[in-house]
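Dear colleague,

Please find below the structure that I am handing over to you. My findings follow directly after it.

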Amino acid sequence: MHGFRRDERGAACFGETPLESLLAEAGVGTPAYLYDLDAIADEAHALIAAFGDAPHLIAYAVKACTAGSVVRALARLGVGADVVSGAELEVALGCGVPPEKIVMSGVAKSNDEVDRAIAAGICAIQLESVEEIARVAARAGAASRRARVSLRLNPGVEIDSHAHVATGHDEAKFGIAKDDVSEAWRQIDAAPSELHGVGLSTHVGSMLHDPPLYLESARAVCDAARARRAGRHTLEFVDFGGGFGIDYGKQPVRPPADFVRAALELLRAEGLGELRLIVEPGRALVGAHGVLLASVLQGKRAHGRRWAMIDAGMNDLIRPALYAAWHRVEPLERAPGGASWRVVGPVCESSDDFGEHPLGDSLPERVVLRDAGAYGFTMASEYNGRPLPAEVFVAAGRVARVSRSPGATAWTRRRLEA
């Protein structure tokens, strides 16, 4: 049994092992992130099975959790990578992801990042504007290499999500407008020694709950793929992106396998079933299988409200402040329930607020912030001079690896030397 659960005493566990004992085994204090590598592998196995014998590539969105332990665990299962920077590319390659299983997205890739992607020979550089084409061609020509490229379409699809994670509408900075696709292909075809057009992609946004909007975006890619092939050009793949949501305790979501099966049905119906299908899950693989542990520093009662002050703040987990995102905050050693407390962190901002949660009539010593495996540590900062949290990676019920924070002393030294 893998993943977050509660034992018969109500203690929070990964599988059969209490999180409290894992924290002690790791020898770190709070705040600290813990990840269940076995549960992450289970998610990947389920997604792989959904493809059956269809040609495919699962390109894990490395930005969701950049930890080498996570990327290596997925790479061992044959999962590739979707990267959005040169540093993420180096992490993927260093963790054993073959370059032919890597795609690179991003609206403002630096010349250095483009050069590194071309030199590595990755599956495709996803071009996000017509203006980017000439620059990539020039970099490839200067290196005497031929860059594999694909076009990222902006499908003009609105999704029901926070504005900061909706990427497929007409006013988003991402992707090439459908009206500009023909011109983009014309420029690629005009540089056959520098550019090899291999695919079409899209990404409509994050936290999709069911397939319809995902398929609406995918149809735009299918239309463009048929038009490209009608001109007697070949394509190797279509990339429908990721954005599969998880249940943060507020709204049920369909599993990623349902999105994949629906996408494969669409490809077959569109006469494109022989093309390789690429998907880019990030949150769906890791989000539910990471937690943030924090200590309760003190309580406060004022104006008829109970406040619980914890040692983890928006610098450790910014999603609630940035996206108004919801994360369940629960006692570590007992089941949630009873009196509600407003849980807040130590950062000097009113937005350092995790909402109201049933922590009980008396405050616990420690709490667990659930579903923090995606866009948690990877978005953390040292704001207010607060050191980055430790990370603990768990496999087979034991601590497999620990990444420790450099601590407040290192931060102070750097600022004094600045």
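Ala41 is buried in this predicted model, because its relative accessible area of 18% falls under the 20% cut-off. The residue is found in helix α2. Between Ala41 and Gly106 there are 27 Å in space, C-alpha to C-alpha, and the two are 65 residues apart in sequence.

Helix α2, which covers residues 37-51, is also one of the elements against which the buried residues of α3 pack. Helix α3 runs over residues 68-75, and 6 of its 8 residues are buried, so the rest of the structure largely encloses this helix. The buried positions are Ser69, Val70, Val71, Ala73, Leu74 and Ala75. Besides α2, the elements that these residues pack against are two helices, α4 (86-94) and α10 (283-286), together with the strands β5 (56-61), β20 (390-395) and β21 (398-403).

With regard to the cysteines, a search of the whole structure finds 0 disulfides. Are Cys13 and Cys348 buried or exposed? Cys13 has 0% relative accessibility and therefore counts as buried, since the limit is under 20%. Cys348 is exposed, because its relative accessible area of 65% is over the 50% required.

Turning to the protein chain as a whole, there are 12 helices and 21 strands. The chain has 418 residues, and buried residues make up 54% of them. Its radius of gyration is 23 Å; a compact globule with 418 residues would have a value near 22 Å, so the two agree. Along the principal axes, the C-alpha trace spans about 70 × 50 × 40 Å.

The contacts may be described in similar terms. Among those in the protein chain with a separation of 6 or more, 68% are made by residues 24 or more positions apart.

As for the surface, the accessible area of the protein chain comes to about 17300 Å², and carbon and sulfur atoms account for 49% of it. The chain carries 46 positive and 54 negative side chains. The centres of these two sets lie 2 Å apart.

In summary, I would draw your attention to two points. Helix α3 is largely enclosed by the rest of the structure, because 6 of its 8 residues are buried. Of the two cysteines discussed above, Cys13 is buried, whereas Cys348 is exposed.

Yours sincerely

Terms used
Residues numbered from 1 in each chain as written. Predicted model: local features only at pLDDT ≥ 70, side-chain atom pairs only at ≥ 80, totals over all residues. Heavy atoms only, no water. Disulfide = S-S within 2.5 Å. Buried < 20%, exposed > 50% of the residue type's maximum accessible area, 1.4 Å probe, protein only. Helix = DSSP H or I, 4+ residues; strand = E, 2+ residues; numbered from the N terminus. Rg over C-alpha atoms; globule rule 2.2 N^0.38 Å. Contact = heavy atoms within 4.5 Å. Areas by Shrake-Rupley, 256 points an atom, 1.4 Å probe, with all protein chains shown as cover. Lys, Arg positive; Asp, Glu negative; His and termini not counted. Charge placed at Lys NZ, Arg CZ, Asp CG, Glu CD.
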